[in-house]
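Got your viewer open and a selection box ready? Let's go from stop to stop and look at what each selection shows.

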Amino acid sequence: MQIVTVKGFSVHVSLAVRVTDALSGRPVAAARVRDAAGGRRAIQKPDGFHVLTGLPEGPALVEAAAPGYRPSLLLVQRESLSPLMPVLTMSLAQERPRTSVLHVAGRAMLPGGRPAAGARVRAVPEAAQYRWKLSLDAPEGAEALLLYNPRGADISGASFLLCTGEPPREALLSVQGANMQGEARLTAPVPFAAPRMRSYLIELAQTGTLPDGSFCLQLRPSGTPSVLRLEVSLDGLCARWQGQTPAAGDVELGDLMLKEG
């Protein structure tokens, strides 16, 4: 056990806890630590360590928490730590935003009234909340993109339309995996160079129609009413719809008739 000075007083340290971000490894400044069994809160030192004092002999049940992170509870066998300075590092994972789902449903019909089974359905939302900026230039052939993702939204499995100008180009990209720091690994390489200042991505929703022609798309809600462009296509035929979706809830489009053009 070591004696340290905290706020001008000498205290006997039972356990010193360092709390870090699970992704970056950096200290979490707003973390709080307590002895979960006894309820005693740790004293935070200027160097970022949280000091627990006066713990009874034996294992310690330690809880670490911070705003925006999932709490962590750990049973510590203190005899496995250094007796001179028992230091424990606890990592906290960031909370991911909880959002509901916006459903857009309808049915695609062929000329003559038959259902358009197996048609491709793609929806492009226009709201700024669905647009993503690049944090770095993306060279042609890049297998990952770095996106500006300050809220740590989960975009694994999402599809995007990559748009860049001069000359205008568009490419459909799918994300294989992503982390909360904004790195998105792609299922296929970027087909052209995308400069950060002249490029952006639009989050898409895609699906196919069932044998009866029906479909149901799932969109991350924007939080405000948004304009949505939807296209259904099959064997050279297509149907297009554009309208406003609510901030949350479901949209029922009814029957969409496919035609040439």
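Select cysteine 216 to begin: with a relative accessibility of 42%, cysteine 216 counts as partly exposed, because the value falls between the 20% limit for buried and the 50% limit for exposed. Bear in mind as you click around that this is a predicted model.

Now add cysteine 163 to the selection. This cysteine is buried, at 7% relative accessible area. How many disulfides does the structure hold? Zero.

Keep cysteine 216 on screen and bring in glycine 106. Along the chain the two are 110 residues apart, yet their C-alpha atoms are separated by 6.7 Å. Glycine 106 belongs to strand S9, which covers residues 102-109. Is glycine 106 buried or exposed? Buried, with a relative accessibility of 6%.

Next, go to serine 214, in strand S17 (residues 214-219). At 18% relative accessibility, serine 214 is classed as buried, since the class takes in values under 20%. Show side chains here and draw a distance to aspartate 212: the side chains of serine 214 and aspartate 212 make a polar contact at 2.7 Å.

**Rings**

Time for the aromatics. The count is one aromatic pair, and to see it, select tryptophan 132 and phenylalanine 160. Their arrangement is edge-to-face, with 6.1 Å from centre to centre and 85° between the planes. Colour by strand and you'll find tryptophan 132 in S11 (residues 131-133) and phenylalanine 160 in S13 (residues 159-164), so the pair ties together parts that are 28 residues apart in sequence. What about accessibility? Tryptophan 132 is buried at 7% relative accessible area, and phenylalanine 160 is buried too, at 1%.

**A pocket**

Switch on a surface and look for the second largest pocket, whose volume is about 230 Å³. To highlight the lining, select Arg122, Val124, Leu161, Glu170, Arg229, Leu230, Glu231, Arg240, Trp241 and Gln242. Which strands each supply at least two residues of this lining? They are S10 (120-125), S18 (226-234) and S19 (237-245). Colour the selection by residue class and you get five charged residues, four nonpolar and one polar.

**Two loop stops**

From the pocket, move to the loop between S18 and S19, where aspartate 235 sits. Check the backbone torsions at this spot: phi of aspartate 235 is near 50°, a positive value in a residue other than glycine. Aspartate 235 counts as exposed, at 75% relative accessibility.

For the last stop, pick alanine 193, in the loop between strand S15 (183-186) and strand S16 (199-208). Is this residue buried, partly exposed or exposed? Partly exposed, with a relative accessible area of 46%. Now add glutamate 140 and put a distance label between the two C-alpha atoms: alanine 193 and glutamate 140 are 4.2 Å apart in space, although 53 residues separate them in sequence.

How values were computed
Residues are numbered from 1 along each chain as its sequence is written. This is a predicted model: local features need pLDDT of at least 70, side-chain atom pairs count only at pLDDT 80 or more; totals for chains, interfaces and linings use all residues. Side-chain values use heavy atoms; hydrogens and water are left out. Rings of Phe, Tyr and Trp (its six-membered ring) pair if their centres lie within 6.5 Å; planes under 30 degrees apart count as stacked, over 60 as edge-to-face and the rest as tilted. Helices (H or I, at least four residues) and strands (E, at least two) are DSSP runs, numbered from the N terminus. Buried means under 20% relative accessible area, exposed over 50%, partly exposed in between (1.4 Å probe, protein chains only). A disulfide is a pair of cysteine sulfur atoms within 2.5 Å. On a 1 Å grid over the protein atoms alone, a cavity is a set of points where a 1.4 Å probe fits but cannot get out, and a pocket is an open set with protein on both sides within 12 Å along at least five of seven lines; lining residues have an atom within 4 Å of a point. Grid points are joined across faces, edges and corners, and a volume is the space filled by probe spheres set on the points. Ala, Val, Leu, Ile, Met, Phe, Trp, Tyr, Cys and Pro count as nonpolar, Asp, Glu, Lys and Arg as charged, and the others, Gly among them, as polar. A polar contact is a pair of N or O atoms within 3.5 Å; within protein, one must be able to donate a hydrogen and the other to accept it, and residues adjacent in sequence count only if both atoms are side-chain atoms.
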